[in-house]
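Trainee: I'm new to this one, so could you walk me through it?

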Amino acid sequence: MPDLSNSSAAAVLERCDELACHTSAPDGLIERVYLSPEHAAVNALAAGWMRDAGMTTWQDAAGNQCGRLEGDTPGLPALLLGSHLDTVPSAGRYDGILGVLTAIAVVERIAAAGRTLPFALEVVAFGDEEGTRFGTALLGSRALAGTWLDAWWELTDEAGISLHDAFLAFGLDPAAITGAARSSNDFVGYLEAHIEQGPVLEEHDLPLGIVSSIAGARRFQITITGKAGHSGTPWTHRRDALAGASEAIVAIERLARDADLIATVGHLEVFPDAVNVIAGRAEFSLDLRGRFDADRDRVWQQIEALLEEICATRGLHVAVHQTHAAPAAHCSDRLRGVIAAGIGVAGLEAASIRAAEDDEPDPTPEPLELLSMAGHDAMAVAHLTEIGMLFVRCAGGVSHHPDESVTEADVAQALDAFEAAVLTLAEGHPVGLPHEQAPA
């Protein structure tokens, strides 16, 4: 029997714990941002695990860690599997990370079983999905998809370090960024496993689900400028930027709720930020998401008009800068189908285990399809190839928080389902012609 000790659910969770130790945050909190020493450390660990699984490895021109297992003929197009290893501040240990480690484990299972597939398998551990450091998300996957924007080189982090200089410090060449871009001919599809980041699976008592589509997102930095002044200034002479921002934020929530969209103001900063001074400037972020881009954009136009109206009434000025835009991404029927088949296989295996413990196990329910309001690397990869996503139940729907939690039993089913999805795709896939082999 092949040694599958590194591809069990327990081993995957142990690796999640090991990666969680690579953090720039104190007191046991997790923060790991793009192009940091912690990023380099987890790439090195992932590369070692990829090699142990039988893959050749390389770090691409954007700092994504990649691995490849050849198919039955060298140089075939690949089924791309993966997710990301970066985190938000005070993160959990499974968002993105579980998907990367699931992909590695499944490749290891297939390699150890001696299976050869009609396509290669590639795993990618994206370096930046969250956008924590430079404010623009999906940098790693956008580079792979060939949709990198040169304007990003001027982005800076909180320390004033530009993305260009961060590349150099990490040992990457900004001039070589196009080398990370892949062709649609390189891939037969992309599969990503990810925690749900929501409560729906838990509410339905299901360990796994299928993503139907990923909501499109736009992010903005909004600055409202008034006039700072003494807190004793009469109402008729005030131009309070914070009061205007507060009114705007409540109005944004109302407009989004009425349109069944998601709007989040996650950052608010006030200047000069003194207890006895009227705010002269208020800056806040807006993350606006919707199932359909047209609905999202229509509500943004309403928000823009309302911002202008509020500021005109209060004698304020508003300036808006869009920092991120990603269209909605729809998962293909074909890949939703293979994930459904994989969940079915995993459910039967889990039912057989329950049968050994219970004379009358519950029947395996039908797979559930869910809209993802959270963004994922799959959104960027959709520019190249069709995408499919497997959701794994997350306790309480909690994500982007230290309390993020999954169970070993659910991860075991996710591994079985993901492997079965890959094999189902292989069974129905025609043998293709070799393409240029991935870099070594």
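Mentor: We'll go through a few salt bridges and how accessible their residues are. This is a predicted model, where local features need pLDDT of at least 70, side-chain atom pairs count only at pLDDT 80 or more, and totals for chains, interfaces and linings use all residues. Residues are numbered from 1 along each chain as its sequence is written, and side-chain values use heavy atoms, with hydrogens and water left out.

Trainee: How many salt bridges does the structure hold?
Mentor: Start with the rule: a salt bridge is a side-chain nitrogen of Lys or Arg within 4 Å of a carboxyl oxygen of Asp or Glu. By that rule, the count for the structure is 21.

Trainee: Is Arg68, the partner of Glu70, buried or exposed?
Mentor: The closest N and O atoms of Glu70 and Arg68 are 2.9 Å apart. Buried means under 20% relative accessible area, exposed over 50%, and partly exposed in between (1.4 Å probe, protein chains only). Glu70 has 28%, so it counts as partly exposed. Arg68 has 3%, so it is buried.

Trainee: Which residues are linked with Arg68 and Glu70 in a network of salt bridges?
Mentor: One pair to look at is Asp186 and Arg182, which meet at 3.1 Å, N to O. Asp186 is buried at 16%, and Arg182 is buried at 16%. The network joins Arg68 and Glu70 with Glu122, Arg182 and Asp186.

Trainee: What is the N to O distance between Arg314 and Glu247?
Mentor: Both residues are partly exposed, Arg314 at 34% and Glu247 at 37%. Their side chains meet in a salt bridge, and the N to O distance is 2.8 Å.
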